[in-house]
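Trainee: Please take a close look with me at the strand pairing here, one partner at a time, and keep the criteria behind each term in view.

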Amino acid sequence: MIQSLALSFVFAIPSFVLGILVSPAWGLAFFCVVLALRQLKSLRYFSRLENWTRDPSAQDVPEGAGAWDEVFARLHRHEKEMRAAIARRDVELQQVAAAGQAIVDGIVTLDTDNRIVWCNIAAGNQLGLDLRSDRGQPIANLVRQPAFVEYLAVGDYSRPLRLSSVRDDGQVLSIHILPYAGGDRLVQVRDVTQSERLDQMRRDFVANVSHELRTPLTVLSGFLETVRELPLAAAERDRYLAMMAEQSGRMQSIVQDLLTLSTLESSPPPPGTELVHVPDLLGRLQRDAEALSGGRHEISLAADAVDIFGAESELASAFGNLISNAVRYTPAGGKIDIAWQRRGSSAEFSVTDNGIGIDARHIPRLTERFYRADLGRSRETGGTGLGLAIVKHALSRHQAKLDVFSAPGSGSRFSALFPATRLTAESSCAKPM
Ligand code: ADP
């Protein structure tokens, strides 16, 4: 500005000299012409500036002379700094967005009117949102479950909301709205299906255990009262005492099986170095089965000379449960075949009976705790409903899986294949069958 005034002053001197030497009119005219020329030049620069402001870019900042040059240079610097700042913000924004995508939980940000501003992929999947088409839409128009709409509207976000998945696939979501930055809101969506399932299993389990123990306890206390209050003959009294012993034995079996299950669940995996002589083990279990059968069944054993690494007590529990089930669910006169056979580099345990068999609809649920296909027979024969749950656990700890083939009236075959990694080198390399 000062430079511009100084320049005007510089041009005033020749005008003044011309005014004295020629005439004041000539001096004034010269000064006016110079001013007009300078004005024209300024207009040109101004028009350049105006054009540039329509689409400003650091490369095309207009050039000028004098004071204009200084202005344009400053503009150029400012524009460059701004571009750099914007680029830095872009990178930071991209990093924040990438961090948001990396979060396992679903995240949706909403504006003050509950319109979607941004969401990560997890939230997109959980709530069925697509950011490209749903940005700016009110979330209540897209997540329409009444419970969610009410949660959003009521505005008490002190606790998260439990919601069945919008996709109807059994998923359970925990949705928590967290207000931030004034009126904006962050919706946090967490998949709690697994913990919900575990909670349900725990509730069912406690209910089942209570139910299973309550029945013999009620019977037992009833008998106790009878024995205490009624004058019974000795034989009668013995009969009651025997029934009481049976009920307490049943409770003991349930508690024992529960303890076995809990040990299997909490103890470290079975050792890969302890050798179990399976044919010997099965020989002992066959004798136990004969004692249980009391001669009512024909029980055979065919065992290859194959030993495996594992925990003998767990294998005894798994094989013993399967064999005793075969005895208990096979009517007198039936046949039970226990087999331990090499299968390629693996080995298979199986027990086959020609007993009552199992309807196909029960088979997938047999290893659930307290699940019984035939409740009457299970109770009658002292079953706890926990045997196959124990079997499944013990086998899976040895990398073996229980297979069941059964048909009502024709009998059942329960088997488990042990992988080569559990077999001794001699066992897995021995001649194939
Ligand atoms: P339980 O103590 O009742 O026998 P399990 O868990 O051992 O419990 O078995 C679950 C259910 O599977 C039994 O109640 C029975 O209905 C069925 N089951 C098991 N083994 C056999 C078998 N060999 N033949 C027929 N049904 C069987």
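Mentor: Strand E9 (residues 335-343) and E7 run parallel and are joined by six bridges, where two strands count as paired if DSSP finds at least two bridges between them. Strands (E, at least two residues) and helices (H or I, at least four) are DSSP runs, numbered from the N terminus. This is a predicted model, in which local features need pLDDT of at least 70 and side-chain atom pairs count only at pLDDT 80 or more, while totals for chains, interfaces and linings use all residues. Residues are numbered from 1 along each chain as its sequence is written, and side-chain values use heavy atoms, with hydrogens and water left out.

Within the pairing of E7 and E9, Leu301 faces Ile338 of E9. The open sheet to which these two strands belong has five strands in the order E7-E9-E10-E12-E11, and its pairing is mixed. Its edges are formed by strand E7 (298-303) and strand E11 (402-407), each of which pairs on one side only. With direction ignored, neighbouring strands of this sheet are turned by 10° against each other on average. Helix H11 (residues 312-328) packs on the sheet and touches E7, E9, strand E10 (346-353), E11 and strand E12 (411-418), contact meaning heavy atoms within 4.5 Å. The direction of H11 makes about 25° with that of E10; axes are lines fitted to C-alpha atoms, for helices over the stretch in contact, and angles run from 0 to 180 degrees between N-to-C directions.

A further open sheet, again of five strands, has the order E2-E1-E5-E4-E3 with antiparallel pairing. E2 and strand E3 (161-164) stand at its edges with a single partner strand each, so one side of each has no neighbour in the sheet. Neighbouring strands here are turned by 25° against each other on average, direction ignored. E3 is held to strand E4 (residues 172-180) by four bridges in the antiparallel sense, with Leu163 opposite Leu173 of E4.

Strand E1 (residues 106-110) has five of its five residues buried, and it is therefore largely enclosed by the rest of the structure; buried means under 20% relative accessible area, exposed over 50%, and partly exposed in between, with a 1.4 Å probe and protein chains only. In a regular strand the side chains alternate between the two faces of the sheet. Accordingly, Gly106, Val108 and Leu110 point one way from E1, whereas Ile107 and Thr109 point the other way.

Both partners of E1 run antiparallel to it: five bridges link E1 to strand E5 (residues 184-191), and three link E1 to strand E2 (residues 116-119). Leu110 illustrates this double pairing, having Arg185 as its bridge partner in E5 and Ile116 as its bridge partner in E2.

The loops deserve a look as well. The hairpin of E1 and E2 has five residues between the strands, and Asn114, which lies in that loop, has a phi near 60°, a positive value in a residue other than glycine. Asn114 has a relative accessible area of 15% and is therefore buried. In the loop between E4 and E5 lies Ala181, which has a positive phi of about 40° although it is not a glycine. Ala181, with a relative accessibility of 60%, counts as exposed.
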